[in-house]
Structures are given as C-alpha cells and as structure tokens.
Amino acid sequence: MQMLNPAKGIKEGVTRLCKTLVRSHITITGINTSFRVLSILIPSKLDSGGTSNNLKRSTLLRTPVAWRNETSALKQGYSWCQLRLLFSVTRTTRMGAKESKTRGGNVQGVNFAPREDTKPVYMSGCSTDTDSGNMASGVETVVCKVNDIGEGDAKEVQIGEHTALLVKENGNLYAVGNKCTHYGAPLSKGAYCNGVVRCPWHGACFNVKTGDIEDYPGLDSLPKFKVEVRSDEVVVTANPEDLKTSKRLKSMCRLDPRNKNTFVLVGGGAATATCAETLRQEGFTGRILVITKENNLPYDRPKLSKAMSSSAEAIALRKKEFYDEYGIEFTLGAEVTGVNTAKKKVTISDGSTISYNALLLATGGRPRTMTIPGQDLKNICVLRTPEDANYIAANSEGKNVVIIGSSFIGKFAILDSMEVTSCLAEKAKSVSVVDLIKVPFQLALGQQVGSVLQKMHEDKGVKFYFERGIKEFRGEDGHVTHAVLSDDTTLAADLCVLGIGVVPATDFLKDSSIKMTDRGFVTVDKYMKTNQSGVFAAGDIVEFPLFLNSNQQSNVQHWQMAHQHGRIAALNMLNKKVEIHSVPFFWTVMYGKSVRYTGYGHGYDDIVVHGDLSAPQFAAFYTKGDKVVAVASLAFDPIVSQAASLMEKGDTILKSEIHKLPDDPVADWPPDQVQKNIIDVVCRLKPEEVYTFDEYGVSGHKNHIAVHKAVREIFTNGTKLRGVKSVYFLQSVNILRKYLAIFDLPLVLLRESVIAVAAPGAVLQIEKAMLAHYTQLEWFRLLYIIFSRYMTINSFTRLDLKEDKLEETD
C-alpha cells in the first residue's frame with residue numbers, strides 16, 4: 001500500500017493508491033467524488049467483523065469495546081485479547097465464501113428435503129412442510145432496506161405482531177421463524193455461522209436455508225418464508241399462523257402394510273422418539289415398534305427437576321394422536337429382558353418375543369440407590385419419572401427435606417439434584433443438601449463456579465453439609481424421620497431425595513453377544529452401531545467416538561446428545577452412512593437463573609473466568625493444557641452458543657487467547673502476554689495487513705498504547721509473521737481535530753499518511769454500533785456520531801518492516 005503524497009497531486013495520489021490497493025486485494029467500496037479520495041471500508045468495530053469479505057486479509061488489533069446490539073459478539077469485561085474467539089465467530093459467519101462444513105447428517109446421498117410421495121397431516125400448534133412450503137400465500141411485509149442487512153448478518157425483523165429471522169448469506173436472503181422450536185428462545189440473539197443459527201439458550205441448530213433442525217434439543221423445524229427484493233426494499237411473505245407458532249413439522253411418511261420390515265426401538269426417551277420420527281422422515285414405511293418400561297409416551301425429561309408438578313401429558317414430546325397418525329407403535333410398561341442377535345429377536349418380560357430387522361437400544365440409566373440401614377423406609381425417593389417428580393413435589397410442602405447429592409443425577413445433565421433443591425426451597429420447611437464433595441457441581445463446573453451456585457441456594461435458606469456421607473436413615477411407623485450423616489450429625493428428614501447418579505440400564509444385555517464395557521456401557525462406532533449386525537445403541541447407555549475427545553470412546557449423558565444419537569442411528573439403520581458429529585451442550589436452571597455449558601471438560605486442569613462471579617454474570621473457560629475444552633456461562637449469552645459453533649467447526653480456542661487482561665484504560669498490561677496474544681491472533685487469521693494504534697493511543701488509552709508497543713516490538717525485533725505485508729498505526733489527533741470531522745481532511749493530506757475514508761454504508765454501521773456503545777454516556781455518543789473525525793476519516797502511518805532483515809515465522 002502506498003501513501004498519498006499531496007505534493008504530486010490528489011489525482012495522481014489516488015490513482016497510485018487505487019493500483020496498489022487492487023494489487024493488495026483490498027476491497028474498494030467506491031470513490032468519494034466530492035473529495036477525490038479513495039473510499040475503502042476498514043474494520044472499524046469488532047462486532048461486525050470488519051470488512052465482510054476481507055477479514056482473512058486485514059485485521060484491526062484494538063482494545064475492548066462494548067457494542068451491544070443484535071449482532072454483537074462482545075460483552076462488557078471482554079478484553080481485546082479475546083479477539084481471536086470473537087473473530088473466529090465473525091470470520092466464519094461473515095466470509096460467505098464457502099458453505100458450512102458437513103454437519104452430522106448433511107452429507108452427500110442423504111436428502112433432508114420434503115418427500116414428494118408423502119402427505120403429512122396438520123398438527124395442532126405446528127405447521128407442516130406442505131403448509132410452510134406454500135410460501136406464496138400469506139401476508140407481505142416490507143421488513144427493511146436492502147442495505148440494512150450485511151453479508152453474513154442474521155437480523156430480527158418485525159412482521160405485524162411477530163418477528164422473523166432474516167439472513168444474508170452469499171448474497172442471498174433467507175427468512176425463517178425467529179423462535180427456537182424447543183422453548184421459544186429468540187434465535188436473533190444466538191450464534192449464526194455459515195447458514196446455521198444456534199439457539200442462545202440450549203444450543204439447538206437450524207439451517208436458515210431450509211429451516212430444518214440439525215442439532216437438538218427439540219423435534220420441530222422452523223417455518224421458512226418467501227423473500228423478495230423489490231427496488232431497494234426487502235419483502236417477506238409469511239403465513240400468520242407460522243409466525244405465531246414458529247414451528248414446522250418435517251414431512252413424514254406412514255406405515256405401509258406391504259413393507260414387512262420391523263425396526264424395534266427399546267427405551268422411551270429422546271433417542272427413541274427422535275429415531276422414530278427420523279425413520280419416517282427418511283421414507284421408512286415398515287413397522288416401528290417402541291418398547292419401554294415407562295408408563296408414559298416420551299416426555300421432556302429435563303423438566304422433571306425443573307417443573308416437578310407437571311403431569312406426563314403436559315410435558316409429552318408428542319401427543320398419542322401424532323404417533324397413531326404416523327404408525328409408530330408403543331408398548332408401554334414392558335421391559336426387554338433379553339436380546340438374541342443370532343436370531344434377531346428380543347424377549348419381553350411377559351415371555352413373548354419379537355423379531356426385528358434393525359434394533360435400537362436406548363434404555364437410559366437407572367438411579368443409584370444406597371445400601372445402608374433404613375434404606376427401605378417410605379419417603380426415601382429417587383427421581384426418574386413424572387410420577388416420582390409429582391410425589392416429591394406433593395409431599396415436600398411444609399416438610400423437612402434432605403437431598404443427597406449436589407450435582408447432576410445423570411453423569412452430566414438430564415436431571416439435576418440442585419434443580420430439585422431450588423424447586424423445593426420455597427415450599428419446604430427446610431432443605432438440607434448432603435454430599436461428599438466440597439461445593440455443588442464441583443466435578444462438572446469446578447469449585448469457583450460451584451461456590452457461586454452454593455451462595456445462590458444459601459440465600460434461599462438451603463443448608464449444605466459437604467464432605468460427608470449418609471450413615472443411616474431412621475424412622476417411625478415405616479416412614480423416614482431422620483438422616484444420620486457420617487460424622488453423626490442428625491438431620492430432620494420427612495422426605496429424602498437420592499440424587500447420587502445413575503448406572504446404565506443394560507443388565508438385560510449381559511448374556512448377549514453385544515460388546516459392553518466393564519461399567520455396563522454399550523460400545524458403538526461413529527455410526528451408533530454395535531459390534532452386532534443390525535443392532536444400534538444410543539443415549540446414556542453408550543460410549544461413542546466423540547470428536548471433541550480425539551474420537552475416543554466417551555459417555556455423554558446429555559438430553560441434547562440423546563436426540564442426536566437417535567437421529568444418527570435412524571439414518572444408519574437405513575444405511576445412510578452418516579457419522580455422529582455433535583458438540584455436547586447442557587443447561588441447568590435454579591431460581592430463574594440458567595447456567596449453560598458446552599464442550600467436553602473431562603480432565604480440565606484450569607478455569608479462566610471472565611465477568612463477575614459475585615453478580616453473578618460470568619463466562620468460565622475450562623482449559624486442558626493450552627486448549628479450551630469447555631465453556632460455561634451465567635447471564636453471558638450467547639458466549640456458550642458461540643463457543644459451541646466454533647467447536648463444531650473444528651476450531652480450537654487457546655488458553656492464551658482468552659487470558660484475562662483487565663478492560664481498564666489505566667491498567668498496565670504485561671508486555672509478554674500482549675505480544676503472545678497478538679502473535680496468536682495474527683498466526684491464526686493470517687492477515688496481509690495489520691492495523692493498530694500509534695504510540696499515543698486514542699485519548700491516551702493505556703491499553704491502546706500497550707497494543708502499539710507490542711505490535712512495534714513484534715515487527716521490529718527480527719521476526720516477521722508469515723503473510724503480513726504491511727503494518728499500519730492509526731494516527732491519533734487532538735480533541736479539536738477529532739471533532740472537525742470531514743473538515744480535517746486537508747490537515748490529513750499535509751502528512752505522509754495512508755488515508756481511509758469510510759464508505760456511506762460503513763458509516764451507518766458504525767453509527768448503529770456507537771448508539772449501542774453502553775460504556776459511554778448517550779450525549780457523548782451523539783456528539784461523537786455527528787462530529788468525530790474517526791467516524792469518517794482515518795489516517796495511518798506505515799511501519800517499515802525492513803523485510804531484508806526479518807525472518808519469517810509461522
């Protein structure tokens with residue numbers, strides 16, 4: 001890039017600069033004819049990812065900003081050193097040059113489009129592919145101007161009383177429902193990346209081109225709306241009912257008596273429910289038989305510890321009429337007692353046998369019990385079914401409740417003993433929690449986060465007895481009255497809840513030829529297939545190759561993962577050859593506050609916390625060596641969904657990249673850490689140009705100055721980062737010049753500078769972000785927008801890299 005030299009004339013300078021910029025592949029957005037200055041769009045704010053199609057070639061290293069708008073990837077408290085994480089999200093979101101990499105199922109040969117040979121019925125509260133496919137009918141609404149949405153943006157738009165999600169990807173516009181089909185979270189607040197939007201609450205993923213659900217929880221897809229551009233206006237045509245429900249049922253075929261194949265699904269949870277629906281969506285017309293010891297149709301199991309008074313019907317995933325319509329049979333209250341893989345038969349507890357062509361095992365876990373005196377007393381409960389939850393809720397009011405266990409009742413997060421605690425805290429006379437660990441969720445979330453959650457419960461009157469076990473239960477008239485701890489502390493106990501984990505319900509497989517681990521887990525491959533032909537397994541009972549764990553066999557007891565297991569199993573029961581590729585995601589809710597978690601944190605050795613644990617409002621990064629293996633948050637959305645999207649794409653977040661540097665303009669940052677972070681960012685993004693601050697920093701900001709010194713040191717100490725051709729320092733100006741805005745241009749031309757004048761579209765984007773810059777007073781923001789020179793004109797000094805003396809380093 002060459003400098004504009006006023007002595008040779010503006011015209012000649014612009015001509016030379018144009019030629020150089022074209023050679024440097026910098027995006028030219030137009031010529032400002034009024035001032036005869038080349039108008040180029042430079043990265044002016046982190047949350048927009050800078051130049052939408054040029055992020056790989058240029059990046060702006062800057063200190064913290066706190067833009068809070070619908071596309072923001074930042075939260076207050078984030079330091080510039082987290083730039084890599086945020087840029088990774090925006091990079092894959094904004095580049096738009098490549099399609100999203102294959103997710104677990106979207107591979108060649110697998111068609112997820114509506115099937116033409118099927119005729120789905122309309123389900124109450126949910127449209128079908130046929131309904132949603134008639135996009136020409138409905139209400140037309142002008143939702144925005146074409147220039148209001150940039151490449152890679154996912155924007156909430158208003159259509160009457162409802163909203164839709166408008167997305168621009170590869171120059172095309174798409175519109176889908178804006179509510180997650182799971183619990184109705186606004187998808188515009190989630191993480192959007194290359195055609196896939198991820199729910200900010202629980203991690204469900206949807207393809208914005210089709211509306212199809214691609215990862216879970218939830219079963220329904222999003223309605224898709226017709227989008228047209230008329231003149232400079234974006235017009236969306238939507239069915240009002242679709243907008244209201246924001247759910248769409250994918251096309252499903254029905255049972256055909258001529259098809260003599262039988263697929264048997266053992267278990268009554270998320271895996272079998274998703275498997276059954278996927279089979280019908282993929283055109284399987286044979287018999288589907290679900291055998292479960294449950295007395296209820298599949299239900300929303302996580303709600304058992306969140307809404308304990310809910311009936312099985314109220315939390316059912318689908319109504320009985322749905323399963324009848326699509327020919328999905330259920331045998332309730334029946335237990336499979338054996339599997340003969342040679343004869344391809346299962347034996348049921350009543351002695352009958354059923355032959356199968358393909359078999360799915362998804363029996364889940366059974367609660368651990370205790371072998372101590374008094375264990376058989378009444379009102380010592382476990383939580384596994386709606387009936388269990390209803391009994392606990394009804395018999396705890398005004399009573400002394402003791403809960404044994406202070407973490408997830410499953411290995412991670414299907415049910416949660418601390419959610420039970422929060423449900424009972426206000427209705428019970430007292431609630432006491434006993435556990436061998438030191439803080440709640442210590443094994444999964446760590447002591448720092450666990451202490452925060454402990455205080456949350458203590459503020460509601462809950463008492464904790466840690467590093468102790470239960471020695472015995474005492475009672476009268478056959479009912480429990482007291483729990484005696486291992487240190488002889490005696491607690492009044494009218495009702496006890498055992499939340500000490502689960503074991504795989506696989507005893508019925510011990511005499512089969514199906515391979516299992518010593519702990520009773522079924523071993524499956526990446527297709528959810530066991531070692532026996534035609535036999536698949538899913539959910540809590542399996543160990544499967546988890547890509548986040550280097551494809552080592554792993555057991556992940558998450559509601560979300562059980563759904564995905566069922567889907568992948570169904571596809572491979574139909575010989576689709578689709579591999580499991582899903583990022584674990586779970587959540588827990590206590591007193592209206594939700595902790596979200598993604599990744600696989602087993603074996604983590606450190607936790608880096610951002611935000612304020614005491615608020616509580618934080619993001620916790622779980623690291624193993626120099627790699628972030630999991631992320632948890634509370635009131636810090638959508639950071640967990642963003643991290644999940646990065647992990648799903650195979651990206652790696654390094655510990656050095658999220659090392660916390662204080663977002664404080666007077667704080668001194670360690671030079672070594674700043675340099676290391678800059679090198680990590682540049683090596684990862686591989687830009688051709690690097691822009692940062694000069695030695696004065698904007699308004700003397702010490703963080704700006706620290707970044708400048710680090711960049712100068714890196715590029716003048718004999719090391720040249722591979723691919724970087726130019727380094728530029730933003731020229732600071734005094735307050736007078738700062739607010740001269742466009743009139744400052746002549747002064748800029750008097751210096752040997754590289755000039756950048758933001759294009760009109762860029763200025764509008766900057767204005768929008770500045771209005772949401774909540775760390776600044778509103779009057780200051782307006783003053784800055786109207787008069788600040790930095791809104792329109794930026795001038796840079798180029799650093800002499802002395803390439804002949806520098807050695808390239810990757």
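## A walk through the model, starting at Ser582

Ser582 is buried, with a relative accessible area of just 2%. Keep in mind that this is a predicted model. To place the residue, look at the loop between H10 and E37, which is where Ser582 is found. Leaving aside neighbours within four places in sequence, Ser582 is in contact with Asp215, Leu546, Phe547, Gln560, Met561 and Gln564. Two of these partners, Asp215 and Gln560, also turn up in the table below, which lists polar contacts between side chains. The table has a row for Glu329 as well, and we will get to that residue later.

| Side chain | Partner side chain | Distance |
|---|---|---|
| Ser582 | Asp215 | 2.8 Å |
| Ser582 | Gln560 | 2.7 Å |
| Glu329 | Arg287 | 2.7 Å |

Now for the helix on one side of that loop. Two packed helices are described by the angle between their axes and the distance between the axes. Helix H10 covers residues 559-573 and packs with helix H5, residues 270-281, at an angle of about 35°. The axes of H5 and H10 are 7 Å apart, and their crossing is right-handed. Who makes the contact? On the H5 side there are Ala270, Ala271, Thr274, Cys275, Thr278 and Leu279. On the H10 side you'll find Trp559, Ala562, His563, Gly566, Arg567, Ala570, Leu571 and Met573. Sorted by type, the residues of this contact come out as nine nonpolar, four polar and one charged.

On the other side of the loop comes a sheet. What is the order of its strands? They run E37-E38-E41-E40-E39, five strands in an open sheet with antiparallel pairing. Strand E37 (585-590) and strand E39 (606-612) stand at the edges with a single partner strand each, so one side of each has no neighbour in the sheet. From one strand to the next, the twist averages 15°. E37 is joined to strand E38 (residues 593-599) by six bridges, and the two run antiparallel. To pick out one pair, Val589 has Ser594 in E38 as its bridge partner.

A helix packs on this sheet too: H11 touches E37, E38, strand E40 (617-624) and strand E41 (627-634). The direction of H11 makes about 155° with that of E41. Is H11, residues 639-648, mostly covered or mostly open? Mostly covered, since 10 of its 10 residues are buried. Among them are Ser641, Gln642 and Glu648, along with Ile639, Val640 and Leu646. After H11 comes Gly650, whose phi is positive, near 85°.

Next, as promised, Glu329. This residue lies in strand E18 (residues 328-331). With 30% relative accessibility, Glu329 counts as partly exposed. Beyond residues up to four places away in sequence, Glu329 touches Arg287, Ile288, Leu289 and Val290. Leu289 is 40 residues from Glu329 in sequence, yet their C-alpha atoms are 4.8 Å apart in space. The polar contact in the table links the side chains of Glu329 and Arg287.

Finally, step back to the whole protein chain. The secondary structure comes to 17 helices and 47 strands. How much of the chain is buried? Of its 810 residues, 59% are. Among contacts between residues at least 6 apart in sequence, 67% join residues at least 24 apart.

Technical notes: Residues numbered from 1 in each chain as written. Predicted model: local features only at pLDDT ≥ 70, side-chain atom pairs only at ≥ 80, totals over all residues. Heavy atoms only, no water. Axes fitted to C-alpha atoms, helices over the stretch in contact; angles between N-to-C directions. Helix = DSSP H or I, 4+ residues; strand = E, 2+ residues; numbered from the N terminus. Left-handed = near helix turned anticlockwise from the far one by under 90°. Contact = heavy atoms within 4.5 Å. Nonpolar A, V, L, I, M, F, W, Y, C, P; charged D, E, K, R; others polar. Buried < 20%, exposed > 50% of the residue type's maximum accessible area, 1.4 Å probe, protein only. Polar contact = N/O pair within 3.5 Å; in protein donor to acceptor, adjacent residues only side chain to side chain. Pairing = 2+ DSSP bridges.
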